[in-house]
Amino acid sequence: MVGLCWLAVLFDGLDMFIYGSVLPHLLETKTFGLTPDTAGDLGSYATFGMLVGALTAGTIADRIGRKKLMVSCVVLFSLASGVCAMADGVAVFGLGRTLAGVGLDGLLPTAISMVSDYAPRGRGALVIGLLMTAHHAGGILSAYVAKWLIDPVGWRAAFWVCVLPLLFAPVLARFLPESLSFLLAKGRGDEARELATRYDVELPAAKSDKPGAAARWTNLVNLFRGGEWIQTLLYWPASFGGLLLVYGVATWLPTLMRAEGYELGSALSFVVVFNLGGIVGMLVAGRAADLPHPRLRSGGGTPTGAPRISAIWFALTAAGVLLLSVHMPMSVTMIVVFLTGVFLNSAQTMIYATVSIRSTADSRATAVGWTSGMGRFGAVFGPWLGGQLLAAGNGDWGFTAFALAGLSSMVFIGIAAVRGGPRTPKSAEHELVSAH
């Protein structure tokens with residue numbers, strides 16, 4: 001189960017990062033007459049598609065099942081990469097990236113939910129952390145695909161490689177079991193028990209009464225009742241700035257480094273190092289947030305360090321991104337890129353952890369979902385912003401703008417950390433991780 005989902009998420013990461021990896025070449029050769037501002041628009045198309053995927057994935061999964069949705073997402077973003085590989089202009093290429101985005105953000109939360117269902121007791125966070133490393137491994141793979149194929153074969157070959165996961169879809173369809181939660185929700189308890197016995201895992205608690213539309217709106221309104229509105233309006237801009245930074249850097253890092261005078265091969269190496277940092281960061285941040293901190297405890301419960309770690313991580317990310325605008329020796333630059341990857345990719349995750357920890361059980365899913373949704377607008381804005389700055393000849397300001405986004409998130413989540421908030425006994429993994 002974990003291996004199949006890990007491979008699916010690896011292909012998800014490959015497809016997500018491949019555009020940023022080939023972008024310096026596309027701009028250098030003026031493919032399709034591409035300019036930096038048009039390239040920024042294309043980067044935003046994928047993240048807009050991801051917003052659509054995030055909004056629709058849950059509803060579709062409830063109807064057809066998580067297994068079928070995962071297979072469908074792999075097929076969708078693979079075929080969309082084929083559209084990009086065959087594109088004869090910006091319009092068709094943009095359509096391919098938009099469709100890819102829908103599949104990309106439909107797959108990741110679904111895969112996380114799947115492995116959560118089958119994770120051994122007490123190992124859920126570990127298994128989810130392991131799964132999340134696949135996304136950054138896909139980013140590393142994208143850099144090598146671009147590095148090995150662009151010069152000898154051309155940029156289209158990189159997108160044809162992203163079509164290959166289509167061959168993996170039948171493997172998923174054949175060997176991936178259905179979600180236990182879905183089977184229980186559909187009244188297929190015997191099938192769920194048989195799978196649980198086969199994989200030696202416990203059945204998740206059945207949720208017989210799903211909230212209707214009225215209840216969901218009530219939960220949303222509750223986020224603004226009393227003093228809760230202050231916390232809500234701190235979380236949302238923090239998430240906006242965080243995802244602006246994540247997707248802005250993911251799209252523009254190779255191009256910005258190329259503009260700083262580094263060779264294309266070196267710029268792509270930065271993508272590898274950045275994602276290696278992301279893998280380390282995902283494994284470190286959760287453990288760091290769990291360390292006891294007496295002044296941030298609430299009633300003797302579990303440690304509440306997520307907002308503190310998120311604020312510190314964003315500050316360090318902003319410093320790292322700003323340093324990248326300075327041409328330093330290669331070894332120093334590599335260290336800065338690695339550390340920036342460590343802090344950037346997990347800082348946003350700690351925002352979701354904060355919201356999950358500080359929300360009541362009945363409003364947790366709504367709180368995390370809307371925080372993630374507001375962040376998705378930043379994900380759309382980030383690639384566009386980088387393109388506009390480069391088009392205006394202000395490439396150095398790209399680093400500054402992304403650093404300012406990190407500082408803004410640090411301020412908002414930092415204030416939330418100081419204010420404190422209600423704690424729940426135990427965070428719900430499904431609501432937390434589905435926000436990625």
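Arg 97 and Asp 15 are both buried, where buried means under 20% relative accessible area, exposed over 50% and partly exposed in between, with a 1.4 Å probe and protein chains only. Their side chains meet in a salt bridge, N to O 3.2 Å; the term stands for a side-chain nitrogen of Lys or Arg within 4 Å of a carboxyl oxygen of Asp or Glu. The pair links helix α4 (residues 90–118), which holds Arg 97, to helix α1 (residues 2–28), which holds Asp 15, across 82 residues. Helices are DSSP runs of H or I with at least four residues, and strands are runs of E with at least two, numbered from the N terminus.

The model is predicted: local features need pLDDT of at least 70, side-chain atom pairs count only at pLDDT 80 or more, and totals for chains, interfaces and linings use all residues. Residues are numbered from 1 along each chain as its sequence is written, and side-chain values use heavy atoms, with hydrogens and water left out.

**Salt bridges**

The count of salt bridges comes to 7. Three of them are tabulated here.

| Pair | Closest N to O | Separation in sequence |
|---|---|---|
| Arg 97 – Asp 15 | 3.2 Å | 82 residues |
| Arg 66 – Asp 117 | 3.4 Å | 51 residues |
| Arg 376 – Asp 105 | 3.3 Å | 271 residues |

Arg 66 and Asp 117 form a salt bridge. Arg 66 lies in helix α3 (residues 66–86) and Asp 117 in helix α4, so this pair ties together distant stretches of sequence, 51 residues apart. Both residues, Arg 66 and Asp 117, are buried.

Arg 376 and Asp 105 also meet in a salt bridge. Here helix α15 (residues 364–391) supplies Arg 376 and helix α4 supplies Asp 105. Arg 376 is buried at 2% relative accessibility, and Asp 105 is buried at 3%.

**Aromatic pairs**

The whole structure has 14 aromatic pairs. Rings of Phe, Tyr and Trp (its six-membered ring) pair if their centres lie within 6.5 Å; planes under 30 degrees apart count as stacked, over 60 as edge-to-face and the rest as tilted. Phe 93 and Phe 159 are edge-to-face, with ring centres 5.4 Å apart and planes at 85°. Phe 93 belongs to helix α4 and Phe 159 to helix α6 (residues 155–161), 66 residues apart in sequence. Both Phe 93 and Phe 159 are buried.

Tyr 118 and Tyr 199 make another edge-to-face pair, 5.3 Å centre to centre with 75° between the planes. This pair ties helix α4, with Tyr 118, to helix α9, with Tyr 199, over 81 residues of sequence. Tyr 118 is buried at 7% relative accessible area, whereas Tyr 199 is partly exposed at 31%. One aromatic cluster consists of Tyr 19, Phe 32, Phe 93, Trp 155 and Phe 159.

**Helix α9**

The buried residues of helix α9 (residues 189–199) are Gly 189, Ala 192, Leu 195 and Ala 196. They cover an arc of only 125° around the axis, which puts them on the same side of α9; the arc is that of the directions from the helix axis to the C-beta atoms. These buried residues pack against α4 and α8 (180–185), contact being heavy atoms within 4.5 Å. The face turned away from the buried side carries the exposed residues Asp 190, Thr 197 and Arg 198. Just after α9, Asp 200 takes a positive phi of about 55°.

**Cysteines**

The structure holds 0 disulfides, a disulfide being a pair of cysteine sulfur atoms within 2.5 Å. The sulfur of Cys 84 has its closest cysteine sulfur in Cys 162, at 8.8 Å, too far for a bond. Cys 84 is buried at 0% relative accessible area.
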